[in-house]
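The exercises below ask you to read a protein model step by step, with a worked solution after each task. Try each task on your own before you go on to its solution.

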Amino acid sequence: AGYRWKNFGAEMAYRLEDGRHRVRLAARGRLADYTAAADLAYDGALTGRARVAAELTDRDRLALEHEGNNRLNETRVLYERRWNEAWHAGLGLGYRWEVPGLAGVARLGFEDQETALSLTHSQPFAGPARTSFFARRALDENLTLRADLAYAWSRGLEGVVGLDQRLGSANLSLAYRLPGASGEGNRARFGIRAPFALEEHWNLDVYAGASYDFDDPARLLGAGVGLRYRDERLAGTLGVDGSIGDRGKKLALRAGLAGTLDDRQVLSADANFQVLPEYRGRFTLAYAFRGETLQALTYHRFRTYPAPELEGEAALAWHPSLEWQLRPSAAYRLRLADPEGNTYQVGLGANYYFSSRLGIGGGAYYIWQPASGRSGVSFSVEGSLRVVDPVWLNLGYTFGGFEGITLEARPGLYLRVDLFGGSEAP
């Protein structure tokens, strides 16, 4: 999923494979004196970088950033000063999350149109130090060298070096992950992606990749092809993905179709079926309605793995004014092989916006299983922040003792994105 507005752009991707979840967020933008950049991934551990900086003067800025990998996550506040158009230096404090504690942070950086360099040293008040180095160099208009390295004074050097090449409309990448003290790494990966415009509405996307683990050793070759059709009211995709390696073979088919019924209604369907090494698949049907005071989202999904299951949700948002909204919802999960596990959920949420950028909200959710007679109630509270018009980020926490069908009904923190308001219409 992606969003672009003026000088801001963000993309989020989610992948589920063999029971492993991976979420990736990439964003970059500038608004007045503020700049933001992020490239984060989460698959049980948070990795990558995120940074927000505010220009205090022509030479001074204050930055909040996070850097993480599988062994270390550190959040920093830095004061940075530019010596000239290219060089800058910074000092600040960092907080390490794995072994909680503060650290002093120093940085030296260089940036021009072709080169970006950054050397950061983090010295904790208790614990091992860490020095990280990031580099990006445009060797020519199509070839870029990149390095993201870190030296942990207790473990040694780790990180990734690579090349990115543009060849016409194709993109090639080569990366090598250095071996770490824990035995991870020492892997090389190569990938190529080439889009072809067949005619006005048709596009073909071809991609291939190879990876090699020098310590295992294990090889993996993968390739795929995707066909896409798009006009003003209809978009469709059809693709095949396959891989072969020392750990087996895999073949998957995917298809999707989305169309606008009119200016306010969208209907979509998608299917994803794995043929090898074992058959499994899912099919989803979704519908969206966007009116001036009422929006509706609903989806219904059938999956075969790990057991045949049908699930769905309907969520409404009613906002007669720009100051508040009500959000009733209903969800279900039907276990076709085990009807006693059928579960149903209803909920009601509300939000009040006391300014053009801030708001508060909350909700209540009731879940029950008719066959077992079990039921439960949970409550949530949240704060809302308008990032750009009309995108609102809602960060909330749910109190309750049951695992709800929807994310908002499950105990703990959640993040929801709302498209609400807008400069011309709600």
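**Exercise 1.** In which loop does Asn142 lie? Describe also its exposure and its contacts.

*Solution.* Keep in mind from the start that this is a predicted model. As a beginning, locate the residue along the chain: Asn142 lies in the loop between strand 11 and strand 12. Next, turn to its exposure, where the relative accessible area of Asn142 is 30%; since buried means under 20% and exposed means over 50%, Asn142 counts as partly exposed. Then look for its contacts, leaving aside the neighbours within four places in sequence, and you find that Asn142 touches Asp164, Gln165 and Arg166. Finally, set this beside another pair: Asn142 and Arg333 are 191 residues apart in sequence, and their C-alpha atoms are 50 Å apart in space.

**Exercise 2.** Work out how strands 11, 12 and 13 are joined to one another.

*Solution.* Begin with strand 11, which covers residues 130-138, and strand 12, which covers residues 143-152; they pair in the antiparallel sense over 9 bridges. Within this pairing, Ala138 stands opposite Thr144 in strand 12. The connection between strand 11 and strand 12 is a hairpin that passes through 4 residues. Now move on to strand 13, residues 156-167, which runs antiparallel to strand 12 and is joined to it by 10 bridges. Here Leu145 stands opposite Leu163 in strand 13, and the hairpin formed by strand 12 and strand 13 has 3 residues between the two strands.

**Exercise 3.** Which residues does Val23 contact, leaving aside its neighbours within four places in sequence? Give its place and exposure as well.

*Solution.* First, find the element: Val23 lies in strand 3, which covers residues 20-31. Second, judge the exposure, for which the relative accessibility of 30% makes Val23 partly exposed. Third, list the contacts beyond the neighbours within four places, which are Met12, Ala13, Tyr14, Leu40, Ala41 and Tyr42. As a last step, consider Val23 and Pro128, which are separated by 105 residues in sequence and by 29 Å in space, C-alpha to C-alpha.

**Exercise 4.** Find two cis peptide bonds that lead into a proline, and place each proline in the chain.

*Solution.* Take first the peptide bond from Leu276 to Pro277, which is cis, with omega near 5°; Pro277 lies in the loop between strand 20 (265-276) and strand 21 (280-290). Then take the bond that joins Tyr305 and Pro306, which is also cis, with omega about 0°. Pro306 belongs to the loop between strand 22 (294-303) and strand 23 (309-321).

**Exercise 5.** Describe the protein chain as a whole.

*Solution.* Start with the secondary structure, in which there are 0 helices and 29 strands. The radius of gyration is 24 Å, close to the 22 Å that the globule rule gives for 426 residues, so the chain is as compact as a globular protein of that length. Along its principal axes, the C-alpha trace spans about 60 × 55 × 50 Å. Next, consider burial and surface: buried residues make up 31% of the 426 residues, while the accessible surface comes to about 25700 Å², with 61% of it belonging to carbon and sulfur atoms. To finish, count the charges: there are 50 positive and 51 negative side chains, and the centres of the two sets lie 3 Å apart.

Notes: Residues are numbered from 1 along each chain as its sequence is written. This is a predicted model: local features need pLDDT of at least 70, side-chain atom pairs count only at pLDDT 80 or more; totals for chains, interfaces and linings use all residues. Side-chain values use heavy atoms; hydrogens and water are left out. The radius of gyration is taken over C-alpha atoms; the globule rule is 2.2 Å times the number of residues to the power 0.38. Buried means under 20% relative accessible area, exposed over 50%, partly exposed in between (1.4 Å probe, protein chains only). Accessible areas come from the Shrake-Rupley method with a 1.4 Å probe; for residues, only the protein chains shown count as cover. Lys and Arg count as positive and Asp and Glu as negative; His and the chain ends are not counted. The place of a charge is taken as NZ of Lys, CZ of Arg, CG of Asp or CD of Glu. Two strands pair if DSSP finds at least two bridges between them. Contact means heavy atoms within 4.5 Å.
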